[in-house]
Amino acid sequence: MKRLMNRQPDSLVRYILGAIPFILILVLYIVSSEARLAENPQDKLLPSLQSMADAVDTMALQPSKRSGEYFLWNDTLSSLKRLGMGVGLAALIGLVFGILNGVIPLVRANLSPFVTAFSLVPPLAVLPILFIVFGLDEFSKVALIAIGITPFIIRDLQAKVLELPSEQLIKAQTLGASTWLVIVRVVLPQILPRLIEAVRLSLGAAWLFLIAAEAIASTDGLGYRIFLVRRYLSMDIILPYVLWITLLAFFTDYTLRYISNKFFPWFHAMSK
Amino acid sequence: MIEVKNLWKNYGDNVVLEHVNTTVAAGEFITIVGTSGCGKTTFLRMLLGIEKPTRGALLLDGKPFPEEPSEERGIVFQKYSVFPHLTVLKNTLLGIELGESRLLGKLFGKPRKAAEDKAKEILESVGLSHVLHLYPHELSGGMQQRLAIAQALIKNPRILLLDEPFGALDPGIRADMHELILSLWKKTGVTIFMITHDLKEGFYLGTRLWVFDKVRLDPDNVNAYGASITYDIAVGKTDRKIYKDIDHSLDKSRKILGEEGVEK
């Protein structure tokens, strides 16, 4: 008998082992939901799968009686727009300053301490300031996401630039590269896959800031909806929404991973 | 072409090089051996322009060496010399592109075609024309070093610096690389400085062998005195006796500095 640490599951066993927690939680939910509903059919805490399906039908497939909009799709669109703009802005700023900080010692000496200090400011504590200064519009929400994750991306990319072997940077100079050319031909292409990694890592935080901002001041969005229906204890809507957000997060991550693999094959071959 | 006048280098109390005096003519092929910690790499880094002498002068055509890497000095390191995100052809093209396109560092159309032809020619001469579109991680160590050499030579540097370029390669492949570097040297007439751990390699290649060693060595404080060039001999006129002498003379430092040492 091999030691436990040396025993590898084959692919079928791996599959089953991986599925078990999902199945367990589903079964546990159904059983407890039925038990509660048997005692009190009006119970709202653990709605049956059927009532959740009905809620999804109302939210996603039926136009609202009052405004004619499809809530789920509208909310998704608004939220993804904010998330995309916030994360895109953060990625752009992060890329520019991460590279400048990493490549140019004078810029690093100038900005690195500030970025470090700024990254310690809790973004949610800044939210009221954003609302006061920029109003309750879209910009405040986008800004919160950007403020929340930009320092992380800058610091991460700066570290990744500094990890590039100095041999490469010297070699590029012996080939006649100026600082600018070292950036565009040597550093930037090697940092892009790392930017994707940094964005993937910061997406969780980005969702957190998005939902927080929507919960506090918004008239649509996934976060807004969840906090709105909370007043009526509408678990039948909240649970599918949470599941939907999780799926969106999963697909975003999956897409980024796919793009990275497709466009930067050398990067993934190296890091193996 | 190159003059070294009473060169010293120290980091605080740590004296790395002292009293280095020599001149090098264009077209020489100098191999440098010595125990580690004896300043070989420091000397190479000064030639490259990323270290400054503490005292004394290091002159190229009578002027101090430029204080940052430049096109006239090509370099091949033991590893990390090639760009992992570019294919073999693009790695080689890079030198031309960086020189000709100052804004994007990329060529298109006709100039690119001309540059590609030149790159292919050089890759042919180092034996890489069958792998033009592979990435470095798909190449063996020897092929990566061939690529690094091609990449450096495409700029027609006056000086080629090789920092233990074959140290990580198998002996058989190393022999092939010796052939290659000798034939390229004869063809281009470039001045070569090559650091090696392998004394035999130093004897076999090149026109001149330098041994960096500490003339004075305090066993209790090995950094008190710096190294200098203890042997400077024209290779080819040498014999077994000198090889043994050098080997023996290095033994003392090897014992005290206690490292992997110069391979016999």
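These are my notebook entries on a predicted model with chains A and B, covering a chain contact, two unusual backbone angles and two helix pairs.

**Entry 1: where the chains meet**

I began with the contact between the chains. Chain B gives 26 residues to it, and chain A gives 20 residues. Next I asked which elements of chain B give two or more residues to the side that touches chain A. I found strand S6 (73-76) and helix H2 (88-100) of chain B. H2(B) supplies the largest share of that side, four residues. I also sorted this side of chain B by class, and it has 13 nonpolar, eight polar and five charged residues.

**Entry 2: two positive phi values in chain B**

I kept in mind that most residues other than glycine have a negative phi. Asp61(B) caught my eye, since it is not a glycine and yet has a positive phi of about 55°. I located Asp61(B) in the loop between strand S4 (55-60) and strand S5 (63-64) of chain B.

Is Asp61(B) buried or exposed? I counted 9 C-beta neighbours inside 10 Å, so Asp61(B) is exposed.

Tyr80(B) went into my notes too, with a positive phi near 65°. I traced Tyr80(B) to the loop between S6 and H2 of chain B, the two elements I had already met at the contact with chain A. Tyr80(B) has 18 other C-beta atoms within 10 Å, so I wrote it down as partly exposed.

**Entry 3: H4 and H6 of chain A**

I then turned to helix packing in chain A. Helix H4 (residues 105-119) and helix H6 (residues 138-163) of chain A pack at about 140°, and their axes are 9 Å apart. I therefore noted H4(A) and H6(A) as oblique to each other. Their crossing is left-handed.

Which residues make this contact? From H4(A) I listed Val115(A), Phe118(A) and Ser119(A), and from H6(A) Pro151(A), Phe152(A), Ile154(A) and Arg155(A). By class, I had five nonpolar, one polar and one charged.

**Entry 4: H9 and H10 of chain A**

My last pair was helix H9 (residues 222-230) and helix H10 (residues 235-263) of chain A, which pack at about 160° with their axes 9 Å apart. That angle makes H9(A) roughly antiparallel to H10(A). I recorded a left-handed crossing here.

H9(A) brings Leu222(A), Arg225(A), Ile226(A), Val229(A) and Arg230(A) to the contact, while H10(A) brings Ile237(A), Ile238(A), Tyr241(A) and Ile245(A). I sorted these into seven nonpolar and two charged residues, with no polar ones.

Notes:
Residues numbered from 1 in each chain as written. Chains lettered and ligands numbered in written order. Predicted model: local features only at pLDDT ≥ 70, side-chain atom pairs only at ≥ 80, totals over all residues. Contact = placed C-beta atoms within 7 Å. Nonpolar A, V, L, I, M, F, W, Y, C, P; charged D, E, K, R; others polar. Buried ≥ 20, exposed ≤ 12 C-beta atoms within 10 Å, placed from the backbone. Axes fitted to C-alpha atoms, helices over the stretch in contact; angles between N-to-C directions. Parallel < 35°, antiparallel > 145°, perpendicular 65-115°, else oblique. Left-handed = near helix turned anticlockwise from the far one by under 90°.
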